Amino acid sequence: MKWLDDFFERSSRRAAQRVSRRSALVGIGRLLVGAAFTLPVLPFDRIARAAAGGTGGKKKAPDVYQCDYWRYCAVDGFLCSCCGGTMSTCPPGTEVSKVAWIGTCRNPQDGKDYLISYNDCCGKTACGRCLCNTNLGERPGYRMGLHNDVNWCMANTSSTMFHCTTAVLIGLAEKPS
Ligand code: ABN
């Protein structure tokens with residue numbers, strides 16, 4: 001690799017003879033100013049800021065962070081997509097609940113009804129972001145099987161530590177015959 005060292009040494013020396021220190025500094029300065037203007041427009045992922053409620057821009061946050069997204073029609077809890085997880089996966093450091101609330105939601109794109117499993121994520125304190133209480137089809141506490149205001153971490157080891165709720169798509173709901 002000596003030839004490479006020699007090559008760079010020769011080119012650096014030649015450049016040093018041709019280019020004054022002042023014009024080299026001007027060139028570097030221009031490069032830095034140019035970067036300051038162009039870097040902010042590069043496509044950084046701003047989803048996390050949108051999820052945290054920041055404005056960041058005029059665009060509306062994607063549907064999966066909004067209570068009115070169709071899959072959240074019967075949810076009661078903090079959306080895991082706002083808490084470091086996704087719509088259907090728990091955030092790191094939490095575990096999925098062993099029992100869940102099942103809702104039926106209509107997908108506006110195809111007009112069909114789907115079963116959605118609302119599993120809580122357990123093992124960390126309440127996330128506190130994106131609380132949704134849509135509860136379609138839910139009934140008061142005295143209708144035990146139809147009540148959703150429940151900590152579904154109850155069957156897990158960390159049964160009291162509810163963090164957030166996912167909305168896992170199970171499949172098409174059967175039409176009653
Ligand atoms: N399924 C969410 C939840 C957790 C604790 C209490 C009420 C509701």
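A polar contact is a pair of N or O atoms within 3.5 Å. The exercises below apply this cut-off to a predicted model.

**Exercise 1.** Determine which polar contacts join aspartate 120, valine 150 and aspartate 76 to nitrogen atoms of the ligand.

*Solution.* Begin with aspartate 120: one of its polar side-chain atoms is placed 2.8 Å from a ligand nitrogen atom. Next, valine 150 offers a backbone N or O atom at 2.7 Å from a nitrogen atom of the ligand. Finally, a backbone N or O atom of aspartate 76 is found 3.3 Å from a ligand nitrogen atom. Each pair meets the cut-off, because a polar contact requires N or O atoms within 3.5 Å.

**Exercise 2.** Describe the shell around the ligand by residue and by class.

*Solution.* First list the surrounding residues: Asp76, Asp120, Asp149, Val150, Asn151, Trp152 and Phe162. Then sort them by class, which yields three charged, three nonpolar and one polar residue.

**Exercise 3.** Identify which residues of the largest nonpolar core touch the most other members, and which strand gives the most to this core.

*Solution.* The core holds 27 residues, of which Tyr72, Ile116, Tyr118 and Cys164 touch the most other members. At least two core residues come from each of β2 (95-107), β3 (112-122) and β5 (162-165). The greatest contribution is that of β3, with five residues.

Now consider isoleucine 116 individually. Apart from its neighbours within four places in sequence, isoleucine 116 has contacts that include Trp70, Arg71, Trp101, Ile102 and Cys105. Also among its partners are Ala167, Val168, Leu169 and Ile170.

How values were computed:
Residues numbered from 1 in each chain as written. Predicted model: local features only at pLDDT ≥ 70, side-chain atom pairs only at ≥ 80, totals over all residues. Heavy atoms only, no water. Near = heavy atom within 4 Å. Polar contact = N/O pair within 3.5 Å; in protein donor to acceptor, adjacent residues only side chain to side chain. Nonpolar A, V, L, I, M, F, W, Y, C, P; charged D, E, K, R; others polar. Core = buried A, V, L, I, M, F, W, Y, C linked by side-chain atoms within 4.5 Å. Buried < 20%, exposed > 50% of the residue type's maximum accessible area, 1.4 Å probe, protein only. Helix = DSSP H or I, 4+ residues; strand = E, 2+ residues; numbered from the N terminus. Contact = heavy atoms within 4.5 Å.
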